[in-house]
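Dear colleague,

I am handing over the structure below, and my notes on what was found in it follow. Please read them with the structure open beside you.

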Amino acid sequence: MADVALPSQGTHVSAGLRVGRVALYAVLGFMALLFLIPLYVMLVNAFKPLSEIETGNLITLPSHWTLQPWLTAWGTAQIGVSAHGLKPYFLNSFLIAIPAVIISTLIGALNGYILTQYKFRGANLVYAALLFAVFIPFQIVLIPMARLLGMMDLSGTIKGLIFVNVVYGIGFVTLFFRNYYAAFPHELVRSARMDGAGFFGVLWRILLPNSAPIIVVTVIWQFTNIWNEFLFGSTFSSYSSSPLTVALNNLVNSSMGVKEYNVYFAAAIIAAVPTLIVYLLSGKYFVRGLMAGSVKG
Amino acid sequence: MKAGFLPKLLLSPSVLLVLACVYGFIAYTVYLSFTASQMLPNYEWVGLTNYKILLGLQNWWISVNNLWIFALLYIVISMGLGLFLAILIDQKIRAESVVRSIFLYPMALSFIVVGTAWKWLFDPGVGFEHVIRQLGFTSFSLRWVTESHLAIYCIVVAAIWQTTGFVMAMFLAGLRGIDAEPVNAARIDGARTWQIYVHVIIPQLAPVFASAFVVLVTMAIKSYDLVVALTSGGPANGSWLPSVFMYQYTFTRSEMGVGSASSVLMLLAVGLFVLPYLLSEVRRVKYG
């Protein structure tokens with residue numbers, strides 16, 4: 001780690017440096033405040049009755065705290081043709097995300113293992129081809145994917161969305177595991193082979209038991225991506241299989257009449273809670289996961 | 001070890017899926033862009049007609065101009081702000097992980113949630129304008145979201161808010177991996193902190209700049225959810241991006257040929273930035 005920061009060492013801290021420290025914390029504090037405002041606004045207003053939002057302002061705390069917006073958002077808000085609230089879509093998002101995350105993590109481990117431990121012609125080309133899939137604008141695959149799902153009888157189903165999320169996650173998961181296994185001590189694998197471990201022996205007994213960090217990163221990354229996914233969800237789902245992002249957008253953007261801001265804010269937070277929890281519980285890994293996709297070192 | 005039958009067999013489902021669902025689908029969409037497809041695919045070849053129609057559409061040029069504005073501001077500001085925050089955090093501050101988490105949490109939110117939050121912050125009736133007027137500044141006006149040529153700036157602000165923490169994390173990782181030798185040498189020579197950053201440290205971050213740039217360019221070109229949630233593309237079609245254009249023409253206006261052509265141009269734009277980067281990355285990473 002580079003010792004970049006200057007002011008911390010030395011016995012005589014000059015007044016100039018102290019002023020510098022104060023300014024540093026002031027700027028950081030101000031920026032932190034800016035970053036927290038939208039979350040703060042959503043939170044406090046989700047506890048206000050609607051009348052208080054219309055007459056008051058978004059910054060003040062509620063004078064009457066109420067849970068009603070949360071109950072409405074969760075259980076009774078009108079979304080599309082039904083008034084079931086977000087509840088069924090919350091479940092849909094889990095039904096999509098959990099199998100898709102498990103399948104993609106397994107695929108990533110397998111691909112990473114093969115691409116780093118076995119040599120074959122065109123391995124780099126295969127890897128580059130998988131990786132390019134990470135960057136394509138998904139608009140270019142929407143029409144043929146809609147037709148393929150139709151042909152497989154998976155249009156508008158949870159299974160269809162699992163399939164789509166797994167396919168377009170292959171690039172990312174392969175990237176994560178490949179970079180991780182590329183740095184794996186080669187001697188361990190070689191000695192296991194000499195002891196007679198075969199293809200699955202090396203994977204099960206040597207690589208996977210030592211893969212906890214990258215498995216965590218992949219799970220967090222994939223879960224966040226799939227939970228937050230909207231384009232595929234809105235294109236390929238039906239009323240009954242919509243993920244939460246699509247339901248939230250329908251609630252907020254296609255409702256007629258009175259705009260129930262408090263319900264919308266509560267709904268937005270409900271939609272954000274799972275990924276926020278994952279992020280708060282494993283912030284360090286989350287950061288690492290974000291960086292694994294772009295920076296190595 | 002040389003790959004035998006089993007490793008190749010187990011790799012093949014991934015390869016086949018990607019071949020079919022990425023490269024096959026790209027080929028199919030490119031083909032559709034040369035056909036008379038409207039509501040459904042129609043394989044009658046019409047040559048470059050769809051591209052000519054596309055390039056004559058005002059809606060397309062609104063989308064492209066918006067993309068320029070959006071991409072330029074989004075990339076420059078999130079990179080600048082991200083680097084700035086990373087340098088501040090790198091000054092051995094207290095509670096570093098708390099501060100880092102605060103800048104990063106928007107990254108955990110979906111663009112639909114981000115769009116919902118900012119939609120109301122920009123709403124003149126209840127948002128910033130309303131709040132600041134209540135503070136006594138009764139003539140304060142912030143009506144971007146209601147003006148067709150300003151709405152795109154709302155998208156810019158929300159997108160910067162969502163992504164800056166991620167860019168900061170990338171730069172922070174870069175800063176922590178900096179070679180300490182030249183930094184110490186510069187310090188012994190009496191260089192000031194900012195001089196060390198400008199002349200020694202930031203030049204070493206060139207690879208991070210490249211990575212961040214490629215990620216942000218592709219995110220800008222792909223951006224769709226945020227527009228849908230924040231402005232629904234409006235007012236009128238003032239905040240359309242090419243991604244919104246593609247969706248509208250393909251699925252709402254039944255102009256599948258024109259919609260396909262627009263997605264082909266989007267892919268070309270992404271490819272222009274990603275392919276050189278990808279080739280250098282694949283060559284760079286070695287393995288044992």
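**Burial, shape and core**

In chain A, 56% of the 297 residues are buried, where buried means under 20% relative accessible area with a 1.4 Å probe and protein chains only. This is a predicted model, in which local features need pLDDT of at least 70 and side-chain atom pairs count only at pLDDT 80 or more, while totals for chains, interfaces and linings use all residues. Residues are numbered from 1 along each chain as its sequence is written, chains are lettered from A and ligands numbered from 1 in the order in which they are written, and side-chain values use heavy atoms, with hydrogens and water left out.

Chain A holds 15 helices and zero strands, helices being DSSP runs of H or I of at least four residues and strands E runs of at least two, numbered from the N terminus. Its C-alpha atoms fill a box of roughly 75 × 75 × 30 Å along the principal axes.

The largest nonpolar core has 203 residues, and among those with the most contacts inside it are A:Ile136, A:Tyr168, B:Phe103 and B:Phe70; such a core is a set of buried Ala, Val, Leu, Ile, Met, Phe, Trp, Tyr and Cys residues joined through side-chain atoms within 4.5 Å. Helix H7 of chain B (residues 151-176) gives the largest share of this core, 16 residues. Leaving aside residues up to four places away in sequence, B:Phe70 touches residues including B:Ile152, B:Ile155, B:Val156 and B:Leu241, a contact being heavy atoms within 4.5 Å.

With best wishes

Terms used. Buried means under 20% relative accessible area, exposed over 50%, partly exposed in between (1.4 Å probe, protein chains only).
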